[in-house]
Amino acid sequence: MALRPYIVGNWKMNGTRAMLSEARAIDRSAQRLMKVEVALAPPFTLIHAVHREAEQIGIGAQDCHAKADGAFTGDVSAAMVADAGAKFVILGHSERREGHGETDADVQAKAAAALDAGLKLIVCCGETLATREAGGAVAHVTAQLEGSLPDTIDNAGERLAVAYEPIWAIGTGRTATVEDVAEMHRAIRALLIARYGEEEGSLVRILYGGSVKPDNARELLSTDEVGGALVGGASLTAESFLGIVMAAVDMQDA
Ligand code: PEP
């Protein structure tokens, strides 16, 4: 049976305790919108506080280190974010791949550490505009996922989500066409089934990310093989994030 649509907010490097009221408002609404799974990934500094506020939404981290502990100044391990209340971690976001030089192998190592710590995963992938314009988007993204995803994972459908985020669509106001999203998500689905088997590979939710807003969410979320959204800028206020959640709810009702 298909899992509920998954709408995840990525607060990136935004948010102080003043933003807890937004998290609280999102959580209170999510309690009435159970047809959709709602989650937030605040910065490390707010994970515990948001976890304490939240009764319904899932709380996650935006990254973790591949090692369990040790002399890694400034880093945070999977066990630490789990201890703070995180239930999942976003890995391989393009801002980490580009800004911190993370390779596919790094992402795969972090994924293993996160699974060991009992976390669920959202593994990100996406191509640059140059790669898309050269016609290599599907090959690039599938190769990226081949190198980034765990080889095996128990209950992959429950424990893994993949987020396809064309880099040129993140924070730019541009979105991919529904045809391009559908083509990419079908290719990702084929890869997931080849890797994790028909049953589990079919359940893994493939999220779209890249300038998702309340006014384009419905079209993107109703695209073939789109199981939810990873939302950056529009997750920073309850009003805009809940607009996206409501689009997912309406589609369930339709
Ligand atoms: C993201 O960073 O994951 C993202 C999709 O950002 P935005 O929604 O702002 O494009």
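This is a short tour of one chain, from its overall form to a pair of helices.

The model is predicted, so local features need pLDDT of at least 70 and side-chain atom pairs count only at pLDDT 80 or more, while totals for chains, interfaces and linings use all residues. Residues are numbered from 1 along each chain as its sequence is written, and side-chain values use heavy atoms, with hydrogens and water left out.

Select the whole chain first: its C-alpha trace spans about 50 × 45 × 35 Å along the principal axes. Colour the chain by secondary structure, and you should find 12 helices and eight strands (DSSP runs, H or I of at least four residues for helices and E of at least two for strands, numbered from the N terminus). Of the 254 residues, 51% count as buried, meaning under 20% relative accessible area with a 1.4 Å probe, protein chains only.

Next, select residues 20-30, which form helix α1, together with residues 44-53, which form helix α2; their axes come within 9 Å and cross at roughly 40 degrees (axes are lines fitted to C-alpha atoms over the stretch in contact, and angles run from 0 to 180 degrees between N-to-C directions). The two helices α1 and α2 are therefore oblique to each other, a word for angles outside the ranges under 35, over 145 and 65 to 115 degrees.

Finally, show the side chains of Leu20, Ala23, Arg24, Asp27 and Arg28 in α1, which meet Ala49, Val50 and Glu53 in α2, where contact means heavy atoms within 4.5 Å.

Methods
Buried means under 20% relative accessible area, exposed over 50%, partly exposed in between (1.4 Å probe, protein chains only).
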